[in-house]
Structure formats: structure tokens, C-alpha cells
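Q: Please take a close look at one strand in this model and at what surrounds it. Which parts of the chain meet there, and how are they connected?

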Amino acid sequence: MDFLHPTTWEEALAAKAEHPDALPIQGGTDVMVELNFDLRRPPALLDLGPVRELARWETLPDGTVRVGAGVSYARLITELGDRLPGLAQAARTVGSPQIRTRGTAGGNLGAASPAGDAHPPLLATDAVYEVESAARGVRLIPATEFYLGVKRNALEPDELIRAFRTTPAVGPQYFSKIGTRNAMVIAVCSFAVALFPAERRVGTGLGSAAPTPRRAYAAEEFLAAEADWDADLDDAVAERFGELVRTAASPIDDVRGTAEYRRHALGVLARRALTWAWHDHRRGARECA
């Protein structure tokens, strides 16, 4: 197995163009596990750790936050928790402190696992993924179009993930997941919600509930049409929202949980997360009145 060690983004793109079958590695929290268990044996590893450009984040002129693929989960929590609270909440559930220091959301995107914790909050906030190749330059892929199947994404063989872009929170955001134990666990299922009060709409994201991470569009449309944003959340509306989220899932039975349990749990998670977010929304509205 070859080990490619670029130190700049241009070198990384050139290496990927020359070795399209090379597997990118950043923190290694997914890749090294697969290598250790002999689940994957790529012809080459492309080490992106030394590429400093990937470890930066910035606020673009339009207000969008652009986060490099090499920004760690720990930094998402400490540096971007106020701007991207849903993603920061998800980051706090990832592994141990050591894993959060090494692991990155960019690596999560590259792995494209349905159980990846970063996917639901990025879907809920209409994130866009910035990818690049040496031959064709930069391409922006909406999160909803990025996931093609179990651990399959929309990257071309010569492309690398450079960053993701999303709008800072304009309303409450929550992420919640269920695992087989309380810490260092792969999600049995997960759910993210983001409120956009000025637009009277909500974004959702489901994890470990289908072949790919996905949104619950029917639940979003229902809430936009039926919820009174100037009043407390009606219990019947919250209950129906949870039902529609549950219906959006198409999970499987596996060692971590049954499909039926996942559907039930998603309905509960969705109802609770929406209730928490709505409570924060109404409290903020009363404080501003």
C-alpha cells in the first residue's frame, strides 16, 4: 500500500488526479478501523492531515459559514458552537475526547455512512458541500444530493471534499440520537431539527434510518402549514410531526436495533427535539416582546 503525503491543497489534488483509487484519510477515525479489521485494503492512502487549508473556517461575504474539511469535531464545538449549534451538539456525541480531537466532519462526509452524526444537522440547515478536482475545479453539491447509497457519495474519482457551507443559526437547533450505550456509540438512529422562524419553516435530518441520511419533507411541509409560530406548540401538531418523521424512515434490522424500534424511536426523538426547539423559539420571542 502506497502512502501519499501532500502538504498543500494543490499537491493533494494532483495526487488524487494521478491516483484516483487512493483513499483520503484525515483524522483516520473511520479508515483506520476498517484497515485494522481488514475490511478495506486500498492501493494507496492519501494523507490530508498536513494540508493546512483544510483546517480553516471563515464567514463568507454573504454571511455563510465555510468550514474546511479538516476542522475537527472539538473545534466545531469550541469555535462554532454559537453559529452552528445543531452540528456542535452532534459533534459532542462523537466518540471520546481523543476522537473528537482527531475526527472531522469532512471525514464523516467522505465515509457517507448512514449513521454519521454530522449528516442530520447539515441536512437540516441546507448545507452545501464544496468539492474540487485538479481538472474541473470547484463544484458545489447540496447535502440532499450528496448521498447516493450506503457509504456512497457523489464524488467523482478525482475529487476531494474541501469544505462545507451553511448559514449560521437563525433559530433554535437540536440534535438527538439513541445508541446501545451512553457514550462512544454508533447511532441506532438520530434526528436533527432547525427552526427558521422568519421564514416560518423547519429543516430536518434523519440518520441511521435509511440507506442514506435524508430529510423528512412531509414533516417539514406539515409544520410550515399547520403550526402557529406566534403561539406555543400544540401537542397534536408535535405528535403528527413525529409520525411523519417516522414515516419518512426506511430502516433495517441489524445488530444495533430492529427497523420497527428505529421507526418508533425516531418519532419520539422528533417530537421531543421539536418541542425543545419550539420552547426556545417562544422564550426568545417573549424576551424580545
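A: The account starts from one strand and works outward through its partners to other parts of the chain.

The model is predicted. Strand 6 covers residues 128–133. Of its 6 residues, 5 are buried, so strand 6 is largely enclosed by the rest of the structure. Two pairings are found for strand 6. One is with strand 7, to which strand 6 is joined by 6 bridges in an antiparallel arrangement. In this pairing Val 128 faces Pro 142 of strand 7. The two strands are also linked as a hairpin, with 3 residues between them. The other pairing is with strand 10, again antiparallel, with 5 bridges. Here Glu 130 of strand 6 stands opposite Ala 163 of strand 10. As a general point, side chains in a regular strand alternate between the two faces of the sheet.

The hairpin loop has a contact of its own. Arg 136, in the loop between strand 6 and strand 7 (137–142), forms a salt bridge with Glu 159, with a distance of 3.8 Å from N to O. Glu 159 sits in the loop between strand 9 (152–153) and strand 10 (160–166), so the pair ties together parts that are 23 residues apart in sequence. Glu 159 has a relative accessibility of 3% and therefore counts as buried, the limit being 20%.

Strand 10 leads on to a cavity. The structure holds 1 cavity of 30 Å³ or more, and the space in the largest cavity is about 40 Å³. Thr 166, within the range of strand 10, is one of the lining residues. The others are Leu 84, Gly 86, Leu 87, Pro 121, Leu 122, Thr 125, Thr 167 and Gln 173. Helix 4 (85–92) and helix 7 are the elements that give two or more residues to this lining. By class the lining is made up of 4 nonpolar and 5 polar residues, with no charged residue.

Gln 173 in that lining falls within strand 11, which covers residues 173–178. Two other residues of strand 11 can be followed further. Lys 177 forms a salt bridge with Asp 117, at 3.0 Å from N to O. Asp 117 is in the loop between helix 6 (105–111) and helix 7 (119–124), while Lys 177 is in strand 11, so this pair ties together parts that are 60 residues apart in sequence. Both partners are buried: Lys 177 has a relative accessibility of 17%, and Asp 117 has a relative accessible area of 9%. Under the 20% limit, Ser 176 of strand 11 is also buried, because its relative accessible area is 15%. Leaving out residues up to four places away in sequence, Ser 176 touches Ser 190, Phe 191, Leu 269 and Trp 276.

Of these contacts, Leu 269 and Trp 276 lie in the range of helix 11, residues 259–288. Leu 266 also belongs to helix 11, and at 0% relative accessibility Leu 266 is buried. Beyond four places in sequence, Leu 266 is in contact with Cys 189, Ser 190, Phe 191, Leu 206, Ala 209, Val 245 and Ala 249. Ser 190 and Phe 191 therefore appear in the contacts of Leu 266 and also in those of the buried Ser 176. In the other direction, the C-alpha atoms of Leu 266 and Trp 57 are separated by 32 Å, with their positions 209 residues apart along the chain.

The salt bridges described above belong to a wider set, for which the count comes to 25. Asp 126, Glu 199, Arg 201, Arg 215 and Glu 220 are linked in a network of such bridges. Another bridge joins Glu 58 and Arg 66, whose closest N and O atoms are 3.6 Å apart. In this pair Glu 58 is partly exposed at 37% relative accessible area, whereas Arg 66 is buried at 11%.

One open site completes the account. The second largest pocket holds about 170 Å³ of space. Its lining includes Gln 26, Gly 49, Val 51, Leu 54, Arg 102 and Thr 104. By class, the lining of this pocket has 3 nonpolar, 7 polar and 1 charged residues.

Technical notes:
Residues numbered from 1 in each chain as written. Predicted model: local features only at pLDDT ≥ 70, side-chain atom pairs only at ≥ 80, totals over all residues. Heavy atoms only, no water. Helix = DSSP H or I, 4+ residues; strand = E, 2+ residues; numbered from the N terminus. Buried < 20%, exposed > 50% of the residue type's maximum accessible area, 1.4 Å probe, protein only. Contact = heavy atoms within 4.5 Å. 1 Å grid on protein atoms, 1.4 Å probe; cavity = no way out; pocket = protein on both sides within 12 Å on 5 of 7 lines; lining within 4 Å. Points joined across faces, edges and corners; volume = space filled by probe spheres on them. Nonpolar A, V, L, I, M, F, W, Y, C, P; charged D, E, K, R; others polar. Salt bridge = Lys/Arg side-chain N within 4 Å of Asp/Glu carboxyl O. Pairing = 2+ DSSP bridges.
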